[in-house]
Amino acid sequence: MPPRGRWRCALADRAFLATALHAPQCGRLEALPDALIVVGEGGVIEAVHRRESPLAAREAQRFAEMNSLVRLRPHQVLLPGMVDLHVHAPQWPQLGKALDLPLEEWLQQYTFPLEARCADVAYAQSIYEPLVDGLLANGTTTALYFGTIHLPATQRLADICLRRGQRALIGRVAMDDIDQCPSYYRDPSAAHAEAQTRAFIEYVRSLSGNGAGLVLPVVTPRFIPSCSDELLRRLGALAAEADCHVQTHCSESDWEHGYVQRRCGVSDTAALEGYGLLTRRTVLAHGNFVADDDVGRIVAAGAGIAHCPLSNVYFSDAVFPLRRMLDRGVHVGLGTDIAGGASPSILDNARHAVIASRLLESGVDPDLPRQARRRAGSRIDAPVAFWLATAGGGVALDLPVGVFAAGYQFDAIVIDGAVPNGNLRFDPRDTAEEMLQKILYGACRTNIREVWVSGRMVHAGVT
Ligand code: GUN
Ligand code: FE
């Protein structure tokens, strides 16, 4: 046996003495009151000592003596960091704008002209810096980003995430379809789009300071309507060759779902599978209209869905059947879909996921009789929403984040129930689940006092 105490001491950076809440499995909330979480090299959790373990006090003392103990205050709770599975970085200036248009008009009239402005790298930087800072301040420790078709601007986003310390998966957007993409915002050919995607992957993988893979490249066909068959085929092959994550939109709205069905003769999911774009590390945004056999394909591939409950209100034409997906074993996490959704907060989207599921369960048309209106068994509760926002996102990305356990990354946020300008009031009689409910339904940005990624503090709220 190695001398465990001293061996850990050599590697461990820091320890956190905190009341922590996490959801290691979907719907199972676990409270770790006054636990000691030991974080070692590379920001990886080495050990979680429960209060009752004799090691907890001894180790806490040792870290305190080394000046390496972070001790949370009594009104503070440690949560895993939030995982946002769907963000359009260039749409940050559009947040809240023109949400009453249908998706296809919103894209053509507002979104494509806005994204085209990222041809100017200085402009892109001027929006990407506040975006990354804003997401960190909202507790998002991992974000899966769409950039734009511009290689330099998307490279800049990778630089910023690395510098700010946000775990980020980033895609240079590929879109070449002549009918669906405007001439001012389109890849000139499938070969060009593939070459630029390849260049982006190489850039991210060789970024100085990114040896641990804090920032990862993602093959990103925007969605089938904006990509030619040739481009989809090339990107599927590239994802396999480069062993990359993949992201795209899938069966988001009636229009999108119907368009793909007409053009490809099959559903989005089946078409993506045929192109080699449905993999264990694929994240499909929305997936509102995936049929039963499509769910089978997604589960067989081990792909994930980014559930974007707020954006769905505006663009999807239906409520995502979340409970059914979870029961079938689909990997689901949450996405803000900035700017399809008008909130940059995953906590916000977690509460919207609960609301959407309740509306699906109760039904929405009061003119229908109760039984015709409702879809029984559709609701989720706060612990499920919390899991989606944290560990569920980690599972979808196939990354060790979202849980406080040895081997996971220490990505965490400190929720403070005593900030004077917050919406949160804990009561000493609250159970762990009640505290979680209060956080999930009530915590706002000011309640997020600290944000840690890979054991490094990347944001501190104002006192
Ligand atoms: N489908 C293709 N592009 C987009 C986009 O930017 N936002 C949303 N919500 N759906 C899309
Ligand atoms: Fe989107």
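The questions below concern ligand 1, the cavity around it and the largest pocket of this predicted model.

Q: What makes His88 and Asp337 count among the residues around ligand 1?
A: A residue counts as near a molecule if one of its heavy atoms lies within 4 Å of it. The residues around ligand 1 are His88, Gln91, Leu103, Trp106, Leu107, Arg222, Phe223, His249, Glu252, His286 and Asp337, so each of these has such an atom.

Q: Why is the pair between arginine 222 and ligand 1 called a polar contact?
A: A polar contact is a pair of N or O atoms within 3.5 Å. A polar side-chain atom of arginine 222 lies 2.7 Å from an oxygen atom of ligand 1, so the pair meets the cut-off.

Q: Why do histidine 249 and aspartate 337 also count as making polar contacts with ligand 1?
A: In aspartate 337, an N or O atom of the side chain is 2.8 Å from a nitrogen atom of ligand 1. For histidine 249, the distance from a side-chain N or O atom to a nitrogen atom of the ligand is 3.5 Å. The limit is 3.5 Å, so both pairs count.

Q: How much of the accessible area of ligand 1 does the protein cover?
A: On its own, ligand 1 has 280 Å² of accessible area, and the protein covers 100% of that.

Q: What makes it right to say that ligand 1 sits in the largest cavity?
A: The test is that more than half of the atoms of a molecule lie within 2 Å of the grid points of the cavity. Ligand 1 sits in the largest cavity, so ligand 1 passes this test.

Q: Why is this space called a cavity, and what is its volume?
A: In a cavity a 1.4 Å probe fits but cannot get out, hence the name. About 90 Å³ of space lies in the largest cavity. A search of the whole structure finds one cavity of 30 Å³ or more.

Q: Which element gives the most to the shell around ligand 1?
A: Helix α3, residues 103-116, does so with three residues. The largest share of the cavity lining, also three residues, comes from α3.

Q: Why do four residues of the shell around ligand 1 count as nonpolar?
A: Leu, Phe and Trp belong to the nonpolar class. The shell includes Leu103, Trp106, Leu107 and Phe223, and therefore has four nonpolar residues, beside four polar and three charged.

Q: What is the volume of the largest pocket, and which strand gives most to its lining?
A: The volume is about 340 Å³. Strand β8, residues 167-171, gives the largest share of the lining, three residues.

Technical notes
Residues are numbered from 1 along each chain as its sequence is written. Chains are lettered from A and ligands numbered from 1 in the order in which they are written. This is a predicted model: local features need pLDDT of at least 70, side-chain atom pairs count only at pLDDT 80 or more; totals for chains, interfaces and linings use all residues. Side-chain values use heavy atoms; hydrogens and water are left out. A polar contact is a pair of N or O atoms within 3.5 Å; within protein, one must be able to donate a hydrogen and the other to accept it, and residues adjacent in sequence count only if both atoms are side-chain atoms. Accessible areas come from the Shrake-Rupley method with a 1.4 Å probe; for residues, only the protein chains shown count as cover. On a 1 Å grid over the protein atoms alone, a cavity is a set of points where a 1.4 Å probe fits but cannot get out, and a pocket is an open set with protein on both sides within 12 Å along at least five of seven lines; lining residues have an atom within 4 Å of a point. Helices (H or I, at least four residues) and strands (E, at least two) are DSSP runs, numbered from the N terminus. Grid points are joined across faces, edges and corners, and a volume is the space filled by probe spheres set on the points.
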